Amino acid sequence: MKNFFSETTFLKGVIKYSSLPHDEGYEFLLAGRSNAGKSSALNSLTSNSKLARTSKMPGRTQEINLFQVNEEIKLLDLPGYGFSKSGKQKQKDWNKFLQEYFECRRSLCAVIIFMDIRHPLKTLDMQLIDLCECYQIPFIVVLTKIDKLTKHKQKQAQDFVEMAINDCPIVTISSTKNLGIEKLREIILKYADE
Ligand SMILES: Nc1nc2c(ncn2[C@@H]2O[C@H](COP(=O)(O)OP(=O)(O)OP(=O)(O)O)[C@@H](O)[C@H]2O)c(=O)[nH]1
Ligand SMILES: [Mg+2]
């Protein structure tokens, strides 16, 4: 398969729902706690290390950055939730955005929930899963940074997540080692196709 993900371009950054482009095509929301590895995964998916900014400092991504993969598919890189320094008001603004986005956005295809494999299923992750279930939006769980754990510990963490949530794909990746990235591309394409 041709990796057209590598032709992904930056579209725009927005901070409110009304600034989003026309509601058409297939959108995937990249969500998860700050520092989970969302922006790094986006760069790996697109084989472009300069596309989304990544950082050791949580809270790197400040706006919702939209990326156009091909004519139909868009990826939305969300700022991490639960980043304490972003303040209560900011959190409220994001919650408002999410609520409106989940409620109104017809092109929303699936939410991709990123979790550091060493710290999966924290309260805010569970809240997001509940929100997806409440609005009947499909979600994909991505466990990141698997290069940080032994195979045995990876399996333990994966089993733990599988036990806790039913009926959703779980992908394990390492953006730095380029593991599981092709699988994630395939799943995105499958969801866009359905
Ligand atoms: N070892 C390892 N480090 C990773 C991996 N993915 C991301 N990181 C590191 O984790 C840190 C956070 O990554 P980001 O991609 O910026 O995380 P984010 O979820 O976009 O964070 P926010 O923008 O703050 O929400 C960076 O220092 C990355 O280099 C991985 O697969 N393996
Ligand atoms: Mg980011």
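The expected span of a helix is 1.5 Å times one less than its number of residues. Keep that rule in mind, everyone, and let's try it on helix H4. This helix covers residues 151–164, 14 residues in total, so the rule gives a span of 20 Å, and the end C-alpha atoms are indeed 20 Å apart. The two values agree.

I should say right away that what we have here is a predicted model.

While we are on H4, how many of its 14 residues are buried? The count is one, so by our cut-off of 20 or more other C-beta atoms within 10 Å, this helix is hardly covered.

Let's step back to the whole chain. The chain holds five helices and seven strands, and reading along the sequence the order is β-β-α-β-β-α-β-α-β-α-β-α. Does the overall size look compact or not, and why? For 194 residues, a compact globule would have a radius of gyration near 16 Å, and this chain comes out at 15 Å, so the two agree. The C-alpha trace spans about 45 × 40 × 30 Å along its principal axes. Of the 194 residues, 37% are buried. And of the contacts with a separation of 6 or more, 73% are between residues 24 or more positions apart.

Now for a few individual residues, beginning with two that have an unusual backbone angle. Most residues other than glycine have a negative phi. Asn35 is not a glycine, yet its phi is positive, about 80 degrees. You will find Asn35 in the loop between S2 and helix H1 (38–45). Asn35 counts as buried, because it has 23 C-beta neighbours inside 10 Å.

The second one is Asp167, also not a glycine, with a positive phi of about 55 degrees. That takes us back to H4, since Asp167 sits in the loop between H4 and strand S7 (170–172). Is Asp167 buried or exposed? Exposed, because there are 7 C-beta neighbours inside 10 Å.

My last stop is Asp23, in the loop between strand S1 (9–14) and strand S2 (26–32). Asp23 has 11 other C-beta atoms within 10 Å, and 12 or fewer means exposed, so Asp23 is exposed. Which residues does Asp23 contact, once neighbours within four places in sequence are set aside? They are Arg105, Arg106 and Ser107. As for Leu121, which is 98 residues from Asp23 along the chain, the two C-alpha atoms are 30 Å apart.

That's my tour, and thanks for listening!

Note on methods: Residues numbered from 1 in each chain as written. Chains lettered and ligands numbered in written order. Predicted model: local features only at pLDDT ≥ 70, side-chain atom pairs only at ≥ 80, totals over all residues. Helix = DSSP H or I, 4+ residues; strand = E, 2+ residues; numbered from the N terminus. Rg over C-alpha atoms; globule rule 2.2 N^0.38 Å. Contact = placed C-beta atoms within 7 Å.
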